[in-house]
Amino acid sequence: MSEPLASDARVAQIWASGRSAGEISDDGLLFFEGETIFSFGRHFPIARHQGGAVLVTTESYPVPTTAHIALVRDAVADCRIFTVPDVEARTVEEHKANFRDYGRRISRRQTLSRQTSGVPNDVESRALVEEANAYAGHFGLSVEPYAWDPAPA
């Protein structure tokens, strides 16, 4: 790693650009090594470049890590982003586990929407379905795509 930088935002930008092998923020809490950026240590990978996309964690952490994730999202805003629990997924089975997690999140979102508006398929549900199916396509997963019905019976 090189000498510490001035800000977390700058570390996120350098990581997003892929211009350096590793950098660390001035407080040492946001850093990256290769394709993966971490918050508060190697045990908290928050995002990783993979196959022309960026995997960003769904895991929730304390406020500083949430801020780090927001900085990373801003830095990769022009990239294809997939929000998954396992940003270090490499095998087909690990990617399938991420895909199944999309299904759980879609189901929870539809239940919440049904409870609040009476309609199970809202805009956020549709966005999750589209992201999940794009994820499966991007990583070549042989899975049944999730469906979104804008006018359920």
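Me: In this predicted model, which residue in strand 5 does Ala-47 stand opposite?
Reply: Start with the two strands. Strand 4 covers residues 45-50, and four bridges join it to strand 5. The two run antiparallel. Opposite Ala-47 in strand 5 stands Val-56.

Me: Which residue in the turn between strand 4 and strand 5 has a positive phi?
Reply: These strands form a hairpin. Two residues lie between them. The one in the turn with a positive phi, of about 55°, is Gly-51.

Me: What is the bridge partner of Val-56 in strand 6?
Reply: Strand 6 spans residues 80-84. Five bridges join strand 5 to strand 6, and the two run parallel. In strand 6, Val-56 has as its bridge partner Thr-83.

Me: Through which helix does the chain cross from strand 5 to strand 6?
Reply: The path is a β-α-β crossover. Its hand is right-handed. The helix on the way holds residues 63-75 and is helix 2.

Me: How many of the five residues of strand 5 are buried?
Reply: Take one side: Ala-53, Leu-55 and Thr-57 are buried. Now the other: Val-54 and Val-56 are buried too. Both faces are covered. The count for strand 5, residues 53-57, is five of five.

Me: Why does His-95 count as buried?
Reply: His-95 sits in helix 3, residues 92-117. Buried means under 20% relative accessible area. His-95 counts as buried because its relative accessibility is 4%.

Me: Which residue of strand 5 does His-95 touch?
Reply: Leave out residues up to four places away in sequence. The contacts of His-95 then include Gln-50, Ala-89 and Tyr-135. Strand 5 runs over residues 53-57. From that strand, His-95 touches Leu-55.

Key. Residues are numbered from 1 along each chain as its sequence is written. This is a predicted model: local features need pLDDT of at least 70, side-chain atom pairs count only at pLDDT 80 or more; totals for chains, interfaces and linings use all residues. Side-chain values use heavy atoms; hydrogens and water are left out. Buried means under 20% relative accessible area, exposed over 50%, partly exposed in between (1.4 Å probe, protein chains only). Contact means heavy atoms within 4.5 Å. Two strands pair if DSSP finds at least two bridges between them. A crossover is right-handed if, with the strands pointing away from the viewer, the path from the first strand over the helix to the second runs clockwise.
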